[in-house]
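Colleague: Hey, can you walk me through this one? I'd like to look at it while we talk.

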Amino acid sequence: MLPGFPEAAPLQGLIGGVLIGLAAALMLLGAGRIAGVSGILARGTAIAEGSMARTSAWGFLVGLPLGALAIRFGTDWEPAAFASWPVLVAAGLLVGFGTRLGSGCTSGHGVCGVSRLSQRSIVATAAFMAAGIATVFIMSLVGG
C-alpha cells in the first residue's frame, strides 16, 4: 500500500500495463492494425470505414468484456462500485463524442500513438492527462 493511496495496487497496475502493451504490439505486428478501441468500435458498428473486417472488430469488442469476466471469475478480485446508470450513460456519450472529436481514444493515442512518436497522439495524450488532472482537482474541491 502506498501512503495516501490506500487502494493502490502498483504490481497489478504494472502487470496490466505490460499486458495492454503486449496486446497492442501483437495486434500491430500480427494484424497490422492499431489497437484503438474507439476506431475498432466505429468500424464494428459501421459508423466509420476502415481496413479491419467487421467480424474482426466485433471479435475484438466482445473479447474486452469477456477478458474482464475471465479475471473476475478466475480470481478473488472484487469489482469496483460504479455510479448510477444515467451517470454512466451520460459519461459514455461524452467520452464517445470526445473520441470522435479527438480522432481517437486513450488506447489509440496514449498506448499506440505515443509509442510510435506520433505528434498528434502526444498532444492528444497531454490533453487527456490535463483534463483528468483538472477533473480530479475539481472533484476534490467539491467533495466528489
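Modeller: Sure, here is a tour of the fold, its helices and a few single residues.

Colleague: What should I know before I start?

Modeller: This is a predicted model, in which local features need pLDDT of at least 70 and side-chain atom pairs count only at pLDDT 80 or more, while totals for chains, interfaces and linings use all residues. Residues are numbered from 1 along each chain as its sequence is written, and side-chain values use heavy atoms, leaving out hydrogens and water.

Colleague: OK, how many helices and strands does the protein have?

Modeller: There are 6 helices and 0 strands. Both are DSSP runs, numbered from the N terminus: helices are H or I with at least four residues, strands are E with at least two. Read from the N terminus on, the elements go α-α-α-α-α-α.

Colleague: And what box do the C-alpha atoms fill?

Modeller: Roughly 45 × 35 × 35 Å, taken along the principal axes.

Colleague: What share of the residues is buried?

Modeller: Buried residues make up 16% of the 144 residues. Buried means under 20% relative accessible area, exposed means over 50%, and partly exposed is in between, using a 1.4 Å probe and protein chains only.

Colleague: What about contacts between residues far along the chain?

Modeller: Take the contacts between residues at least 6 apart in sequence: 32% of them join residues at least 24 apart. Contact means heavy atoms within 4.5 Å.

Colleague: Let's zoom in on helix 6. Why does its span agree with its number of residues?

Modeller: Helix 6 covers residues 119-142, which is 24 residues, and at 1.5 Å a residue they should span 34 Å. The expected span is 1.5 Å times one less than the number of residues. The end C-alpha atoms of helix 6 are 35 Å apart, so that agrees.

Colleague: Which residues of helix 6 are buried?

Modeller: Ser121, Ala124 and Thr125. What covers them includes helix 5, residues 106-115. After helix 6 comes Gly143, with a positive phi near 80 degrees.

Colleague: Now helix 5. Which of its residues are buried, and what do they pack against?

Modeller: Ser107, Gly108, His109, Cys112 and Gly113 are buried in helix 5. The buried residues of helix 5 pack against helix 1 (10-31), helix 2 (37-44) and helix 6.

Colleague: How do people describe two packed helices?

Modeller: By the angle between their axes and the distance between the axes. For helix 5 and helix 6, the angle is about 130 degrees and the axes are 9 Å apart. Axes are lines fitted to C-alpha atoms, for helices over the stretch in contact, and angles run from 0 to 180 degrees between N-to-C directions.

Colleague: Why are helix 5 and helix 6 called oblique?

Modeller: Helix 5 and helix 6 are oblique to each other because of that packing angle. Angles under 35 degrees count as roughly parallel, over 145 as roughly antiparallel, 65 to 115 as roughly perpendicular, and the rest as oblique.

Colleague: Which residues meet there?

Modeller: From helix 5, Thr106, Gly108, His109, Gly110, Gly113 and Val114 meet Arg120, Ser121, Ile122, Ala124, Thr125 and Phe128 of helix 6. By class, that contact has 4 nonpolar, 7 polar and 1 charged residues. Ala, Val, Leu, Ile, Met, Phe, Trp, Tyr, Cys and Pro count as nonpolar, Asp, Glu, Lys and Arg as charged, and the others, Gly among them, as polar.

Colleague: And what sits in the loop between helix 5 and helix 6?

Modeller: Leu117 is in that loop. Phi of Leu117 is near 60 degrees, a positive value in a residue other than glycine. Leu117 is exposed, with a relative accessible area of 65%.

Colleague: Where is Ala46?

Modeller: Ala46 lies in the loop between helix 2 and helix 3. Its phi is positive too, near 65 degrees, and Ala46 is partly exposed at 41% relative accessible area.

Colleague: At what angle do helix 2 and helix 3 cross?

Modeller: Roughly 125 degrees, with the axes of helix 2 and helix 3 (residues 54-74) coming within 8 Å. That makes helix 2 oblique to helix 3. The contact is made by Val37, Ile40, Leu41, Arg43 and Gly44 of helix 2 with Arg54, Ala57, Trp58, Phe60, Leu61 and Leu64 of helix 3. By class, it has 8 nonpolar, 1 polar and 2 charged residues.

Colleague: Last one: is Thr99 buried or exposed?

Modeller: Thr99 counts as buried, at 14% relative accessibility. Thr99 is found in helix 4, residues 85-101. Leaving out residues up to four places away in sequence, Thr99 touches Ser38, Gly104 and Cys105.
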